[in-house]
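Here's a quick tour for anyone meeting this structure from scratch. Have a look at the sequence and the fold, then read on.

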Amino acid sequence: MTSPIPVLCIFACIAFCHAMPQGNLNLLDNAILQDLNDKHENYIEFDQDNEIGANQDQCDDKNSTINSLDLFPYPLHASCRVEWTFGVDCTEVAARLVNQIDLWTGPENCEGGGEKCLYKVTSQSKRRLRGTHTTPVSFYVDNFSFRFRPTRYGCYSKSYSYSTVPYAVLDYGTNYCNMFNLIDGSGLNKEPNFSEKTCDKICTQYTTADCEVY
């Protein structure tokens, strides 16, 4: 049975932080978010060719951990890292993702439920697409980024999404769905040679995510 200690530690930290003076708390919030952004930006940088497949290596390695609390099965902050391959070139992958974001910019697509709405592109280059997704009920904002690399079979993407709420721990798979919904909506997961590599260790609540709801 999983020990409750890691979860209790997290919530004890949250309670302590919220007892701090507001000015200090704002500084701490900003520092936490900057650290999260730096870590995820470092993750998707392509420094070596052998980085392709790094997610699978980490997910398969039972001795590998994403955090110091080994008994907690997810990242300590609500987030998700995924590697995808697509059987089409990276220019088309990026264009289809941007088109899907444009289709889901407003709230209309969520009127019947789900969270396939309120997307926004924040920056775009030849090899990178950044954006935000806002949850339609609570209006929490998540940052996401896709980094692209051409391959002989099409395109490889190293991607992440994370909550901008400083003390978010669990997310019902929302950060995974932030990215997967765009891929599914654009039909990229129907292309030949599509693959996905991630796991709970590096993607919060991945195995229980319901992207029709989140």
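Across the protein chain of this predicted model, pLDDT averages 82, and 70% of the residues score at least 70. Let's start with where to be careful, then move on to a pair of helices and a few individual residues.

**Where to tread carefully**

- Residues 1–20 have a pLDDT below 50, and beyond near neighbours in sequence this stretch makes 18 contacts in the model.
- Another such stretch is residues 47–51, where pLDDT stays under 50 and the model has 7 contacts beyond four places in sequence.
- As a rule of thumb, where pLDDT is low, the predicted coordinates shouldn't be read in detail.

**Two helices that meet**

- When two helices pack, people describe them by the angle between their axes and the distance between those axes.
- Here, the axes of helix H4 (residues 90–103) and helix H5 (174–185) come within 9 Å and cross at roughly 105°.
- Because angles from 65 to 115 degrees count as roughly perpendicular, H4 is roughly perpendicular to H5.
- On the H4 side, the contact is made by Leu-97, Gln-100 and Ile-101, while H5 brings Leu-182, Ile-183 and Gly-185.
- Sort those residues by class and you get 4 nonpolar, 2 polar and no charged ones.

**A buried strand residue**

- Thr-132 sits in strand E3, which covers residues 128–134.
- Is Thr-132 buried or exposed? Its relative accessibility is 14%, so Thr-132 counts as buried, the cut-off being under 20%.
- Leaving aside neighbours within four places in sequence, Thr-132 touches Leu-118, Tyr-119, Lys-120 and Thr-122, and also Val-141, Asp-142, Asn-143 and Phe-144.

**Two loop residues with positive phi**

- Most residues other than glycine have a negative phi, so a positive one is worth a glance.
- Phe-139 has a phi near 60°, a positive value in a residue other than glycine.
- You'll find Phe-139 in the loop between E3 and strand E4 (141–151).
- With 54% relative accessibility, Phe-139 counts as exposed, since the cut-off for that is over 50%.
- For Asn-193, phi is near 65°, again positive in a residue other than glycine.
- Asn-193 lies in the loop between helix H5 and strand E6 (195–197).
- Asn-193 counts as exposed because its relative accessibility is 51%.

Notes
Residues numbered from 1 in each chain as written. Predicted model: local features only at pLDDT ≥ 70, side-chain atom pairs only at ≥ 80, totals over all residues. Heavy atoms only, no water. Helix = DSSP H or I, 4+ residues; strand = E, 2+ residues; numbered from the N terminus. Buried < 20%, exposed > 50% of the residue type's maximum accessible area, 1.4 Å probe, protein only. Contact = heavy atoms within 4.5 Å. Axes fitted to C-alpha atoms, helices over the stretch in contact; angles between N-to-C directions. Parallel < 35°, antiparallel > 145°, perpendicular 65-115°, else oblique. Nonpolar A, V, L, I, M, F, W, Y, C, P; charged D, E, K, R; others polar. pLDDT = per-residue confidence, 0-100.
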